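Here is a short briefing on a protein with a bound ligand. Please look at the model first.

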Amino acid sequence: MINDRLNDLKLNREIFNIFARLIREKCGLFFDLSKMYFLETKLKKRMAERGITDFITYYNLLKNDYTDREFKELLNEITIHETAFFRINSHFKTFSDYVLPGLVARKNDSGSLYLSFLSAGCSTGEEAYSIALSVFEKMKEFPQKIDFSVVGIDISISAIERARNGIYSENDLNSVPENIIEKYFEKVDNGFKVKDFVKEKVVFRYANLYKKEDIELIGRFDAVFCRYVLIYFDELAKTKLLDNIYSVLNPGGMLFVAPSESYNVPENFARINYKNSIVFEKPL
Ligand SMILES: C[S@@+](CC[C@H](N)C(=O)[O-])C[C@H]1O[C@@H](n2cnc3c(N)ncnc32)[C@H](O)[C@@H]1O
């Protein structure tokens with residue numbers, strides 16, 4: 001019955017615009033008219049769950065709920081979670097060959113060897129675990145004892161739950177070398193599970209990168225990976241998000257963005273051209 005009524009419902013430009021504006025205000029994600037059908041399908045899916053048969057009632061539910069409970073459910077639907085272990089392999093090579101040794105050398109001067117990393121827009125966890133595995137692999141080359149943590153944040157609660165689970169299919173592990181799988185994953189019934197000693201170093205949390213108050217609470221970091229997130233934002237929202245990231249980087253901390261996103265990084269970051277990739281530094 002509800003589905004019959006929803007089937008006949010079509011989003012028009014005006015209603016599309018009010019939803020697009022609300023989503024942008026709440027989390028920075030930008031939907032242009034080419035996404036109208038996509039958004040219509042996702043809105044109708046959520047409306048069916050809630051037993052709502054008109055767009056304006058659903059809009060009011062999203063707008064007036066200060067807990068954002070329904071908005072978070074909608075976010076699970078409209079966020080894109082494409083990711084992979086060691087995505088942009090050259091970034092992880094630069095991280096191991098230059099960024100980590102640089103951070104260790106500087107921290108050593110200051111006597112503290114605790115390093116903190118952020119996967120901002122971590123999706124289902126592959127990026128955060130790739131950071132942890134890179135640190136584990138590199139750690140043995142340093143004479144000092146290194147301790148570290150990785151925080152993964154995302155606005156999709158369903159993605160975070162999968163990340164916390166840490167179970168991946170054989171296909172998901174395509175980009176992971178065999179010796180790394182052997183060391184850091186264990187075979188379970190439904191795939192490969194990240195071993196506990198790795199999971200102990202990685203935490204996943206809900207946080208909205210667009211909200212300064214969320215970001216301020218998550219800590220301070222020596223390197224941030226924020227890749228393939230900015231592409232979903234418009235120019236103004238990108239600036240705000242990068243400003244939020246700047247505020248959580250320690251002085252001398254490094255930012256990785258996807259190559260196509262590097263044009264958006266403002267000049268308060270220093271641009272460093274390493275052999276394999278460009279990285280952005282918050283000046284000391
Ligand atoms: C395409 S995935 C990229 C995952 C990973 N960074 C990578 O490069 O493989 C983009 C992720 O950013 C998240 N995201 C989008 N807007 C966000 C926001 N305002 N705050 C936190 N995460 C956000 C999405 O939920 C999604 O999981």
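Into which domains is the protein divided? Domain 1 covers 2-78 and domain 2 covers 89-281; the bounds come from an automatic or database domain assignment. This is a predicted model, in which local features need pLDDT of at least 70, side-chain atom pairs count only at pLDDT 80 or more, and totals for chains, interfaces and linings use all residues. Residues are numbered from 1 along each chain as its sequence is written, and side-chain values use heavy atoms, with hydrogens and water left out.

**Domains**
- The centres of domain 1 and domain 2, taken over C-alpha atoms, are 31 Å apart.
- Eleven residues of domain 1 are in contact with 13 residues of domain 2 (heavy atoms within 4.5 Å).

**Ligand shell**
- The ligand has 23 residues around it (a heavy atom within 4 Å).
- Thr-83, Arg-87, Gly-121, Asp-154 and Leu-209 come nearest.
- The shell holds eleven nonpolar, seven polar and five charged residues. Here Ala, Val, Leu, Ile, Met, Phe, Trp, Tyr, Cys and Pro count as nonpolar, Asp, Glu, Lys and Arg as charged, and the others, Gly among them, as polar.

**Polar contacts to the ligand** (N or O atoms within 3.5 Å)
- Thr-83 places a polar side-chain atom 2.6 Å from a ligand oxygen atom.
- Asn-208 has a polar side-chain atom 3.0 Å from a ligand nitrogen atom.
- Ile-155 uses a polar backbone atom, 3.4 Å from a nitrogen atom of the ligand.

**Cover**
- On its own, the ligand has 610 Å² of accessible area, and the protein covers 99% of that (Shrake-Rupley method, 1.4 Å probe).

Conventions
A polar contact is a pair of N or O atoms within 3.5 Å; within protein, one must be able to donate a hydrogen and the other to accept it, and residues adjacent in sequence count only if both atoms are side-chain atoms.
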